[in-house]
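Me: I'd like a close look at one part of this model. Here it is.

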Amino acid sequence: MVVFTSIDRLQHLFWRFIDSGDAILTESALKVYSGAIGDGYRQIDNAIGEILRKAGREVTVLIVSDHGFGPLKKYFFLNKWLEELGLLQVKKGLSPKKFNFRFTNMHRVLTKIFRDTQKLRWTKKIPFPVVKVLQRDTDELIDWEKTKAYADPSGGININLRSREPYGVVEPGEVEELITYFKSRFSQLVDESEPQLEKIGDWILRKEEIYSGPYVEEAADLYYSINERSYLHNRRVDVHSKFGLSSLGSGMHRKNGVFIMSGPLCHQCNSISPRMIDIAPTVLYFMGLPVMKEMDGRILAKAINPDYLKSHTVQHVLSGEYREKSPEYSSEDEEKIREGLKGLGYLS
Ligand SMILES: [Zn+2]
């Protein structure tokens, strides 16, 4: 199994050079960087070609991505918007910056200025005050007792529910009304500086509408998408407007990714529409490994040669039993894995 991460990084950074409308790009910058993403794909294509030549035609190959890509227009400062709606309050008179005082010694400071500080060793004994300006954590800036909803770090929205949240103020009986109000405002959301976009909210869903299983409670109460996720969720409250330019590059993930399957086990591969969660069980099955019962996805049986499916029954196990059912490595295999990990720098 090979993972190519460079194409993700390239698209985050260089998307604006293939899909701009960005007035600050100069001709010379365009000339240098507009080929970066294409070049990245070509290099990976060459690498895959080399792997496939070595693997031979008898190997079934899957090429998958865990997301697609598209433009990143702006940050959406959700807490700022909640503040505008009167659902969140920021503490008054508390600066978003805080100062961190500590003492170092004079010698450390001089080392940064002069090359040869040997003669100044005695300055190690002289204390020197250092002040660092730190960004105060968003949670510190929120006045929780006057806040009904807030942005969750996972990209969602949480209700500040009494009995669940440390400073919860919303009674369980108020939740439905709050969500209805919130959804209606979200459906009216516009970015005045982008009038061509009209209403920018795509969808807003409760966690139970997206997830199922024993850990649903761990998710945020609501999740949302704005303009195909080109507006990125951000929790900051020390900003002037609910929208702001991103400092994170110009490309961001999209829901739909790449799925390519070929080789002898492939059967009507073109006719399937796999879900992301189906990839892991399918790969485990191809590798001759058991599939965990707790996995939400299903093996892509429609895309697999029926004779192979008949002669290779799927083994389902609970994750707790996984170790027992997995094939044991021989000591020779273990040595090979150890060498491989050493080569990658994971073991020393
Ligand atoms: Zn990424």
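Which residues does Y224 touch, not counting residues up to four places away in sequence? And please walk me through the sheet and the core around there.

Reply: A word on the ground rules. This is a predicted model, so local features need pLDDT of at least 70, side-chain atom pairs count only at pLDDT 80 or more, and totals for chains, interfaces and linings use all residues. Residues are numbered from 1 along each chain as its sequence is written.

Now to your residue. Leaving out residues up to four places away in sequence, Y224 touches I157, F186, G201, W203 and I204. Contact here means that two C-beta atoms, placed from the backbone, lie within 7 Å.

On to the sheet. It's an open one of four strands, in the order 6-7-9-8, with antiparallel pairing. Strand 6 (149–151) and strand 8 (201–206) are the edge strands, each with a single partner, so one side of each has no neighbour in the sheet. On average, neighbouring strands are turned by 25 degrees against each other, direction ignored. Strands (E, at least two residues) and helices (H or I, at least four) are DSSP runs numbered from the N terminus, and two strands pair if DSSP finds at least two bridges between them. Strand 7 (residues 156–159) and strand 9 (residues 222–226) pair in the antiparallel sense over two bridges, with G156 opposite Y223 in strand 9.

Helix 7 (residues 175–187) lies across strands 6, 7, 8 and 9, and runs at about 165 degrees to strand 8. Axes are lines fitted to C-alpha atoms, for helices over the stretch in contact, and angles between N-to-C directions run from 0 to 180 degrees.

As for the core, the largest nonpolar one has 25 residues, and Y224 is among those with the most contacts inside it, along with F76 and A149. Two or more residues each come from strand 3 (74–77), helix 4 (78–84), strand 6, strand 7, helix 7 and strand 9. Strand 9 gives the most, with four residues. Such a core is a set of buried Ala, Val, Leu, Ile, Met, Phe, Trp, Tyr and Cys residues joined through C-beta atoms within 7 Å. Buried means 20 or more other C-beta atoms within 10 Å of a residue's own, exposed 12 or fewer, and partly exposed in between, again with C-beta atoms placed from the backbone.

Two loop residues round this off. S163, in the loop between strand 7 and helix 7, has a positive phi near 80 degrees and counts as exposed, with 8 C-beta neighbours inside 10 Å. R229 lies in the loop between strand 9 and strand 10 (231–234). Its phi is also positive, near 70 degrees, but R229 is buried, with 21 other C-beta atoms within 10 Å.
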